[in-house]
Amino acid sequence: MSPRSASVNEELRRRSRERLLQAAVELVGEHGFEATTLGDIADRAGSARGLVSYYFPGKRQLVQSAVHRLMHRTLEEALEREPRTEDGRERLARAIDAILGLARDQPVLMRQHMAGLLQAEGFVQCPEQQRLGELLGDTVARYGSQNVSADYPRLRALLMGAVYAALMPGAPMPVPVLRAELFQRYGLDSSLGVPPESGTAAEARGQDLSRFFATEERPDRT
């Protein structure tokens, strides 16, 4: 039997990593961070346990990468939803609604994500986090920012603050109130975007999250 080509090996590695990210999101969402082990994740992904450390230094890095993947694919889906639009105000409204929707629908995952960011290592510089940053930066630019390098971190901080407020144990703020405050800050009409409590958003939430961790190559959007 002839050895596999480099391209075949690369594709197998990519698919293995995808399965680990998906398994991490599923298990932490079901059982919480502390109750989920790397062995559990490897078993759910159908991977050898030693393979996890090949891709990720530890559980926190794996879970943070997985949540960043969920966030950037959720945001991407919201921005490209039909009818597609280049209007910066509509796209910013969709971005805000997408992130607030995750706080509403994936509280265990997002609470763990916020806790992980407060650790000494902070953000995990991974492809998922970088893509999320690119999408938010592009959204700020289309909104009309003249200084994306300053306005993107501000938007990111406001979104993180809203997620934290929505998930604060014992004193959570209602997502509609947080949405209204963010929309007011950016001068967005409430009719823009897709509110997390709307029927359209509920329909999207009912879909299988595995679509965000597809093992097939996804074509680049232009």
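## Exercises on a predicted helical model

Just past helix α2, G46 adopts a positive phi of about 70 degrees. The model is predicted. Work through the exercises with the structure open.

**Exercise 1.** Find the buried residues of helix α2 and state where they lie around its axis.

*Solution.*
- Step 1. Go to residues 38-45, which form α2.
- Step 2. Pick out the buried residues: G39, I41, A42 and A45.
- Step 3. Look down the axis of α2: these buried residues fall within an arc of 160 degrees, so they line one face of the helix.

**Exercise 2.** Do the same for helix α9, then find what covers its buried residues.

*Solution.*
- Step 1. Helix α9 spans residues 175-185, and its buried residues are V175, L178, R179, L182 and F183.
- Step 2. Their arc around the axis is only 135 degrees, which puts them on the same side of α9.
- Step 3. Recall the helix rule: an α-helix has 3.6 residues a turn, so residues three or four places apart point the same way.
- Step 4. Turn to the other side of α9, where Q184 and R185 are exposed.
- Step 5. Look for the cover over the buried residues of α9: it includes α5 (88-105) and α8 (148-167).
- Step 6. Step just beyond α9: G187 has a positive phi of about 65 degrees.

**Exercise 3.** Describe the chain as a whole: its helices and strands, its buried share and its contacts.

*Solution.*
- Step 1. Count the elements: ten helices and zero strands.
- Step 2. Take the buried share: 48% of the 222 residues.
- Step 3. Consider contacts between residues at least 6 apart in sequence: 70% join residues at least 24 apart.
- Step 4. Add the surface: the chain exposes about 11500 Å², with 53% supplied by carbon and sulfur atoms.

Terms used. Residues numbered from 1 in each chain as written. Predicted model: local features only at pLDDT ≥ 70, side-chain atom pairs only at ≥ 80, totals over all residues. Heavy atoms only, no water. Buried < 20%, exposed > 50% of the residue type's maximum accessible area, 1.4 Å probe, protein only. Helix = DSSP H or I, 4+ residues; strand = E, 2+ residues; numbered from the N terminus. Arc of directions from axis to C-beta. Contact = heavy atoms within 4.5 Å. Areas by Shrake-Rupley, 256 points an atom, 1.4 Å probe, with all protein chains shown as cover.
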